[in-house]
There are 2 protein chains.
Amino acid sequence: MDRRQQKTRAAVFRAFSTLLSEKSYSKITVQEIIDTANVGRTTFYAHFETKDDLLKALCKELFDHIISSAADCTHTHGLYSDGNAPESVFCHLLQHLQEDENNILELLSCESSEIFLRYFKDSLNELIQDQFVDQNRKTNTGIPRDFLVNHISGSFVEMVLWWIKGRRKQAPEELDRYFRAVIEPIL
Amino acid sequence: MDRRQQKTRAAVFRAFSTLLSEKSYSKITVQEIIDTANVGRTTFYAHFETKDDLLKALCKELFDHIISSAADCTHTHGLYSDGNAPESVFCHLLQHLQEDENNILELLSCESSEIFLRYFKDSLNELIQDQFVDQNRKTNTGIPRDFLVNHISGSFVEMVLWWIKGRRKQAPEELDRYFRAVIEPIL
DNA sequence: ATAAAAAAGAACAAAATGTTTGTTATCGAA
DNA sequence: TTCGATAACAAACATTTTGTTCTTTTTTAT
């Protein structure tokens, strides 16, 4: 991709992120975004159709590689299959989040975090779904597999939100222990 | 409250709900709302400061009494304390939702459901928090009580969303059984 | 019946949206 | 280095949306 495009794209993303940490998504205008990013109006619309479109693009940018990194993790060892090894997918994800290469955590703690959270969960859900199909787990209790997958991805995302709101006092490894405690009994 | 105020308030809420089932929150304009509700522009702004304000008001309107009804439920018997009696709070909540006095479920299945979901979870969280404090539960495993409360409310809300997206094939009682299966092991 | 309160309607400035046009700067490849 | 392609820019634009202000009409509670 053209260097110029990369530059403006990054500038818009950065501006948007900054604004999101200041005010709610619905109150942010395209005008503010282009002012903050210091790009022309035409340029913005050449890259994104609408503000919603920009939001989706940012979600994709932020979560796609963290998820694919986690996917690699599940391919070598399963979700939690290797006993209590620190290489569980969930621990991996949490560590990845804490490193905060971009400002994912800032976005997940902003006023409009629900939007990003939802995207995150949907991605995670697919990941776990695949894992469950691979291992051909049986639900001995008559609980639908689908339900369990949703329960795990949902719980994880809600945990992350709890973690962030509580100012991330726990280390990823400790959080992983909590998660294990509430999830393993049902696997 | 004045009958006229009630009428316009209801009309605006209804219009807003209708629009939410058609398009995303961010694409809805005040203009559309007042057109659909058939109220004057001045009238709208006399009731609500902004579109966001309207959203909050609708959330409050919809969830507050369903939550307080659930709160009554926890005061007579606990969360799940009476063994497998159908009077568990969660079953109560699900039944309440299914009856769908207003159109809560329609809103929870709309494109912008995250917003309502978040409000729902926060309310639920308080409810469970109180219950946990009352019963003075001990966390024998070193898992913070706070974490468990969040896990329960989070899981519940994610379950509801799963239920709705799957077109509500299960009866509340069956869903309650699922939820029991994933939550009771950790209580 | 009457005073108070609420809704409607019209009209308004200010701001935001999305598009068009022509110009300038930058890129990547020859 | 040159050159064609492409991206960014600036300015201007019609259109829509926003939020407010006024007056007039209707409805309410007592």
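## Two matching chains

In this predicted model, chain B can be laid on chain A with an RMSD of 0.1 Å by a turn of 180° and a shift of 0.0 Å along the axis. The two copies are thus related as by a two-fold rotation axis. The superposition is by least squares on the C-alpha atoms of residues with pLDDT of at least 70 in both copies.

Of the interface residues of chain B, 100% are also interface residues in chain A, so the copies meet through the same surface. Contact here means heavy atoms within 4.5 Å.

## The surface near DNA strand D

DNA strand D is surrounded by 19 residues. A residue is near the strand if one of its heavy atoms lies within 4 Å of it. The closest are A:T8, B:R3, B:R4, B:R41 and B:Y45.

By type, the residues of this surface are three nonpolar, ten polar and six charged. Tyr counts as nonpolar and Arg as charged, while Gly is among the polar.

Several helices (DSSP runs of H or I, at least four residues) each supply at least two residues of this surface. From chain A come α1 (3-22) and α3 (41-47). From chain B come α1 (3-22), α2 (30-37) and α3 (41-47).

## Backbone and bases

Of the atoms of DNA strand D within 4 Å of the protein, 64% belong to sugar or phosphate. The rest belong to bases.

Some polar contacts (N or O atoms within 3.5 Å) can be named. A polar side-chain atom of A:T42 lies 3.1 Å from a base nitrogen of DNA strand D. Polar backbone atoms of chain B sit by phosphate oxygens of the strand: B:V30 at 3.1 Å and B:Q31 at 3.3 Å.

## Conventions

Residues are numbered from 1 along each chain as its sequence is written, and chains are lettered from A in the order in which they are written. Local features need pLDDT of at least 70, side-chain atom pairs count only at pLDDT 80 or more, totals for chains, interfaces and linings use all residues, and side-chain values use heavy atoms, leaving out hydrogens and water.

Methods:
A polar contact is a pair of N or O atoms within 3.5 Å; within protein, one must be able to donate a hydrogen and the other to accept it, and residues adjacent in sequence count only if both atoms are side-chain atoms.
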